[in-house]
Amino acid sequence: MALKVNAPKHRRARRLGLTAAVAATALVGGSFALATANASPVGQTGATAASAQRIGKAPHAPVGAVQVGAPADSTVLRLSVNLAPRDPAELNALAKAVTTKGNSLYHHYLSKGQFGKLYGATQQTIAEVDASLRAAGLTPGAAGVDGLSIPVTTTVGDAAKAFGTGFASYRLKDGSTGILNTAAPQFRGDVAAQITGVSGLDGTFRPRTDHVIGTAKHAAVATTTGVKRSAQAVTPNVTGQFCSSGVSAMSRFGSDGNGWYSAQNLASVYGMDHGSTTAQGVTVGVLEWEQYSAADLAAYQSCYGTHVPVSVVRVDGGATVAPDPAHNIGVESLLDLEILAGMAPGANIVDYQGPDLTLAGGTPNTHFTDADWLDPMRRMVTDDNAQVVSISYGGCELDSSSNVINTENWTFVEAALQGQTVLNSSGDSGATSCIGDNGASYQHSQVVSDPADQPYVTAVGGTSLTGSGASVTRTSWSHGGYGAGGGTSRIWSLNNSYDYQQGFTGPGYDASACTPKSGYTCRQVPDVSALADPNTGYPVYIGGQWIPVGGTSGSTPTWASLVAQADAQSACQANGPAGFINPTLYGAATKNYAGAFADVTTSGADATAMPAGTGYDLSTGLGEPHAATITSALCAALPAAAQGPGTYHPVNPSRLLDTRSPSTTAPQVAAGGIASAQIEGNTAAGIPATGVTAVVLNVTVVHTAGGGVLTAWGDGTGRPKTSNLNWVKGNIISNLVTVPLSGDGWVDFYASSATDVIADVEGYYTNDTSGASYVPHAPTRLLDTRQHIGIPTNTAISNASVDVPIQGVAGIPATATAVVLNVTATETVGGGFISAYPGGTALPNASNINWGASNTTLPGLVIVPIGSNGAVSLHVAGTSHVIADVFGYFDPSGTAKYTKSGPRRILDTRAAQGVGTKTPIPGGQKVVLQVTGGSTGVPAGVSAVVLNVTVTGTTGGGVLTAYADGTALPQASNLNWVAGETVPNLVMVPVGADGKVDLYVSSTTHVIADVFGYFA
């Protein structure tokens, strides 16, 4: 036996409250950080109701704007009060884990609607904010499905009173007008910490489209402000190739590959598939703030012979102005939709339309606000219908308010957790992404575009191409005053523990642009690139004619098509959609740069954009795709840690740790201290030196100096925030724990208050087929000495053993090697313990349930080898009645193998986690617990889940029973308690077909549940 004692450690993970799967690598502040004070989440100071607080800093009008009075009080405002998510640090860490290959949570995406239940504001918080808004004279609507927003329709006058602000009207640099609040919105102190901002107060917000119209080589038929109409016939086609009339019409701009690129030619350049069913079954979403011409799109599809369905979702009323290419209305939409139809013809497209950016005649919409920008973006994510999202709009990141930045961030975190890929154009103004954006004073300095700068967005830059196939030549797109946007973010920095750009620094990178704190580096834009030069651009049918259009608005849907093609592959169908792709893209470049990307090393004609260079650069990012390699990387099989099939190896129970023993080198664990025990290579306990993925231990605390908790976890990883044992002063508490192992094969035990710790090994798991697999069993009572079930009398057991037959009982086969029992000691007399061990063997120096006083009721799960006599023995040291319920068994012919997952908390009624309110479960009621889904780390289709369940705040004696949802409440129990006790127990419970389990309590109590693994 080997022991080691450590000083308190892993404190960082404790402060963050992260799960074991993510705590080891997440740092303070989450994976990303905002660089500037006005871009940080605000109002999080926990003030009282009496002290009102303002959310954020006072707004400022764009540079060049002139105040022209004030809006009328009757002016209608459509607002959104934006709420903070629950546990932002864990939310960031989970998003990191879900998108990191090698993590056990990789591609464990949230199911539709699950984000709001797990990470949206609680029902209690929503009710409190709702009440505060009503108290201020407003009428809020129902909260959004993700629990991060509450809509409010009001007037300028009422909003001014409610939020303690005034409003001013401004004439902007572009000649349009808009209103802006004069002070940051004010909220009651007791709800201010839950609010991140209010959308709809800023009517000076002006995003832009990122397309540029090409110039004809033989006839002037286009301008940069619109498209002249000159109707051209379209010859219908069924081949998937560019139709002959299209080729003829585009000849004035040059030939295919020398002046413009048809879909099939560009697909061949990038090695993408191009068939009638390419990307079949995948839904791609596009965001637009205008209508499109259905007739023009139909003509384009007729030319190519495609039949891509396009549905429209209108948000906040959607766009109402008719398409007008002469005034640049509808051009962006057709560019996006036609590229997708041409390069992903098997996909479905959903066009999310927000209110018009531009009104009839080309004048800016003076009523457009930041809510009109954010609402469609949020809707696309909360709908969770599109696996791939393409956005070809943006604006200077320094023109975006903290409310816009923060709301976008949480929206894209939500998308990443749901497995959605979000791509955004990097802009067409090169390194000075603010040209044309309100004439800001920083327009000629290096500034990147938002939301391309967002950490969970893939920013797409642009190139110029000439030629076809292997003979194509590439440069970065930069000429004629336009160029692919790129540079160093002044807003966002990446945590070095999740800096997917680490090792990729483009020429001109400014290490201080975002003023990064220690351990962070500034975000760089773009990530990747594709064709964007309008003079070698995309043939688009607009206004009844063919014309080339480019800009990073074209490169973005091209990349969206590539990701859609990947998502349609069988590998992605099996392993989950690509989701947030940046870590995979940079990982692919690290392993095989030339195989994954065509490196663009030559700069464009002028210095508008950042310079191109060998490797990553701030104009083209990693470069253009080699689709086969990229697709293979995006759809790679889940790592072994995520798949994790394991079989169980029971061992005769033996003691690994006992801090009470004077002969041991491990003294009592001090408050906040850690003791450790060797698992792998512990030959005395029958554990091999390698291959162990998890260990099953019975852990006991005794001589407790005060109330506390114990947490067990694999040494070398961050300590999770979950607990295995909870106790009050003087308690003797035992519990079975299943602990995933780390690289060194040791287990650490942390105690929050001074206590002795005992650990007995019951068995271990390996990722092979040499052991036994789990077979769930309907909970069945095998022994109850109170009711002479399993014994001939109804007498307590006193300093004796009782054999419990297993093989051949209740359908358990003779081949079963170990049994899962829930054993309960009740009506105890004095102190004592129960030991469970194989029938017909010697009583071991190990225990499973320990108690210190009379009239105690304590449960404990045991996994015990079945003896050669087909039974297990339960020995009582002391006097107690004993109950034993079977919940499953292990058999070599079983099919359910163990996968370690977590530990992570999925239910805590004290904190409204997993339920809507911070209230205990009433006696005689049940809580239905969703145990499958990305946040839990448990995939759909599992047969059983391993949970550590704790009751606390008990108001009377009672029992808890865990069982599969959709089945009848069994006559068995998992936890038993008397009033005032805090009792934990490990449960291995079958999962219903809906991915849920039920937790029934016979008397009112709070319940906590932590997931530790599953069988599938």
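Here are some exercises with worked solutions on a predicted model.

**Exercise 1. Helix α10 and its surroundings**

Task: find which residues of helix α10 are buried, and what covers them.

Solution. Start with the helix itself, which spans residues 294-304. Its buried residues are D296, L297, A299, Y300, Q301, C303 and Y304. To read such a list, recall that an α-helix has 3.6 residues a turn, so residues three or four places apart point the same way. Next, look at what lies over these side chains. The cover includes two helices, α9 (263-270) and α11 (331-343). It also includes the strands β16 (310-314), β29 (538-542) and β30 (545-550). Finally, step just past the end of α10: there G305 takes a positive phi of about 75°.

**Exercise 2. A valine in the loop that follows**

Task: decide whether V308 is buried or exposed, and list its contacts outside its own stretch of chain.

Solution. First, place the residue: V308 sits in the loop between α10 and β16. Now apply the cut-off. Buried means under 20% relative accessible area, and V308 has 4% relative accessibility, so it counts as buried. Then set aside the neighbours within four places in sequence; the contacts of V308 are Q301, A341, A344, P345, A347 and I349. One of these, Q301, is itself on the list of buried residues of α10. For A347, you can check a backbone distance too: its C-alpha atom is 6.4 Å from that of V308, although the two positions lie 39 residues apart in numbering along the chain.

**Exercise 3. Two helices that cross**

Task: describe how α14 and α17 pack, from the angle down to the side chains.

Solution. Take the geometry to begin with. Helix α14 covers residues 552-568 and helix α17 covers residues 627-634; they pack at an angle of about 55°, with their axes 9 Å apart. An angle of that kind makes α14 and α17 oblique to each other. Their crossing is right-handed. Now for the side of each helix that takes part: α14 contributes W559, L562 and A566, while α17 contributes A627, I630, T631 and L634. Sorted by class, this contact holds six nonpolar residues, one polar residue and no charged ones.

**Exercise 4. A three-stranded sheet and the hairpin after it**

Task: work out the strand order of the sheet that contains β19, then follow the chain onward to β23.

Solution. The sheet is open, has three strands in the order β11-β19-β21, and is paired in the antiparallel sense. Its edge strands are β11 (208-209) and β21 (449-450), each of which pairs on one side only. Strand β19 (residues 393-396) is joined to β21 by two antiparallel bridges, and C396 stands opposite S449.

Moving on from β21, you meet a cis peptide bond between D450 and P451, with omega about 10°. P451 belongs to the loop between β21 and β22.

Then comes strand β22 (residues 458-466), which pairs with β23 in the antiparallel sense over four bridges. The two strands form a hairpin with six residues between them, and G467 in the turn has a positive phi of about 95°. Across the pair, T466 stands opposite T473. As a last step, sort the side chains of β23. In a regular strand the side chains alternate between the two faces of the sheet. In β23 (residues 473-476), R474 and S476 are on the covered face, and T473 and T475 are on the uncovered one.

**Exercise 5. Backbone angles worth a second look**

Task: find where D316 and N855 lie, and say how accessible each one is.

Solution. Take D316, which is not a glycine and yet has a positive phi of about 55°. Its place is the loop between β16 and α11. With a relative accessible area of 32%, D316 is partly exposed.

Now turn to N855, also not a glycine, with a positive phi of about 60°. This residue lies in the loop between β44 (849-851) and β45 (858-865). At 62% relative accessible area, N855 is exposed.

To finish, add a peptide bond to your list: V525 and P526 are joined in cis, with omega about 0°. P526 is in the loop between β27 (520-525) and β28 (528-531).

Methods: Residues numbered from 1 in each chain as written. Predicted model: local features only at pLDDT ≥ 70, side-chain atom pairs only at ≥ 80, totals over all residues. Heavy atoms only, no water. Buried < 20%, exposed > 50% of the residue type's maximum accessible area, 1.4 Å probe, protein only. Contact = heavy atoms within 4.5 Å. Axes fitted to C-alpha atoms, helices over the stretch in contact; angles between N-to-C directions. Parallel < 35°, antiparallel > 145°, perpendicular 65-115°, else oblique. Left-handed = near helix turned anticlockwise from the far one by under 90°. Nonpolar A, V, L, I, M, F, W, Y, C, P; charged D, E, K, R; others polar. Pairing = 2+ DSSP bridges.
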